[in-house]
Amino acid sequence: MATVGLSADAWLRRFHPKSAAGDVVVCFPHAGGSASYYFPFSAAMPPDVDMLTIQYPGRQERRAEPPVESVPELADQIAELLAGWADSRLTFFGHSMGATVAFEVARRLEAGGIAVHGLFASGRRAPSTHRVEGLHLGSDAALIAELRDLSGMPVELLADPEVVQLILPVLRNDLRIAETYRYEPDGSELRCPIVALVGDQDPKVEVAEAAAWQRHTTGTFELRTFSGGHFFLVEHKAAVVEAVTKHAVARNF
């Protein structure tokens with residue numbers, strides 16, 4: 001699908017550009033999240049690793065744009081943009097819904113002959129696993145309660161009615177496309193390594209569901225479990241950044 005004339009500047013954020021870096025980590029936000037969520041992770045990257053963060057339509061400076069209708073539609077557009085970075089070694093990091101989007105983008109790039117250096121799937125069950133979920137059909141109060149329970153947003157922002165009204169439509173749409181996503185096997189799996197990260201108290205992902213990511217690559221697989229809930233990566237930022245950057249600069253894949 002075409003990107004409707006939007007430039008890469010609309011989709012990609014580089015908070016701390018590294019002009020000479022050939023190793024690039026591409027981050028995909030969670031449901032309701034925006035590119036700015038990864039600013040502290042970008043700041044922690046070493047000088048030889050660049051970071052791009054995807055800014056989905058419908059949030060922050062893109063809030064006037066309509067959100068996408070499905071994960072495949074989102075992946076089509078992002079894959080088209082990232083094809084322009086084919087000369088770099090791209091390592092993907094996606095959290096929650098972002099892990100699913102990153103997976104689908106990686107499938108598209110590899111099918112087009114563009115190698116992906118690795119996929120970090122954080123806080124998300126494998127595409128081949130399934131849960132019946134309908135949170136996107138719930139009340140506004142239920143969505144806010146979910147954010148509060150998962151520690152997905154600072155409590156002071158959740159207490160601001162104006163902020164809440166801005167984020168609810170985006171959050172509801174993101175949950176809809178994540179909850180209605182269905183993996184469609186095409187006879188092939190990724191060739192790149194996959195590293196699955198999961199919090200041991202995450203109510204959204206069981207460790208076995210995270211381990212099932214191994215089914216989706218012919219490359220190497222690693223499962224790493226952290227203490228904490230769905231947003232364990234905040235508490236363990238240093239360890240997550242270290243793992244991702246170590247992989248990004250590795251040459252043995």
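How do the residues of the lining of the largest pocket divide into nonpolar, polar and charged? In this predicted model, the lining holds 13 nonpolar, nine polar and two charged residues. The largest pocket encloses about 630 Å³ of space. Its lining comprises 24 residues. Closest to the pocket centre are Gly 32, Gly 33, Ser 34, Met 153 and Leu 157. Helix α7, spanning residues 161–179, supplies the largest share of this lining, with five residues.

The second largest pocket has a volume of about 220 Å³. It is lined by 13 residues. Phe 120, Val 195, Glu 222, Ala 243 and His 247 are the closest to its centre. Three elements each give two or more residues to the lining of this second largest pocket: β6 (194–199), β7 (221–226) and α10 (237–249). By class, eight of the lining residues are nonpolar, two are polar and three are charged.

The nonpolar interior was examined next. In soluble globular proteins, nonpolar side chains tend to be buried together. Here, the largest nonpolar core contains 56 residues. Phe 28, Ile 78, Leu 82, Phe 92 and Val 105 have the most contacts inside this core. Helix α4 (residues 97–111) provides the largest share of the core, eight residues. A second core, separate from the largest one, has 21 residues. Among them are Tyr 38, Phe 93, Val 195 and Phe 226. Val 195 thus belongs to this second core and is also among the residues closest to the centre of the second largest pocket.

Notes:
Residues are numbered from 1 along each chain as its sequence is written. This is a predicted model: local features need pLDDT of at least 70, side-chain atom pairs count only at pLDDT 80 or more; totals for chains, interfaces and linings use all residues. Side-chain values use heavy atoms; hydrogens and water are left out. On a 1 Å grid over the protein atoms alone, a cavity is a set of points where a 1.4 Å probe fits but cannot get out, and a pocket is an open set with protein on both sides within 12 Å along at least five of seven lines; lining residues have an atom within 4 Å of a point. Grid points are joined across faces, edges and corners, and a volume is the space filled by probe spheres set on the points. Helices (H or I, at least four residues) and strands (E, at least two) are DSSP runs, numbered from the N terminus. Ala, Val, Leu, Ile, Met, Phe, Trp, Tyr, Cys and Pro count as nonpolar, Asp, Glu, Lys and Arg as charged, and the others, Gly among them, as polar. A nonpolar core is a set of buried Ala, Val, Leu, Ile, Met, Phe, Trp, Tyr and Cys residues joined through side-chain atoms within 4.5 Å. Buried means under 20% relative accessible area, exposed over 50%, partly exposed in between (1.4 Å probe, protein chains only).
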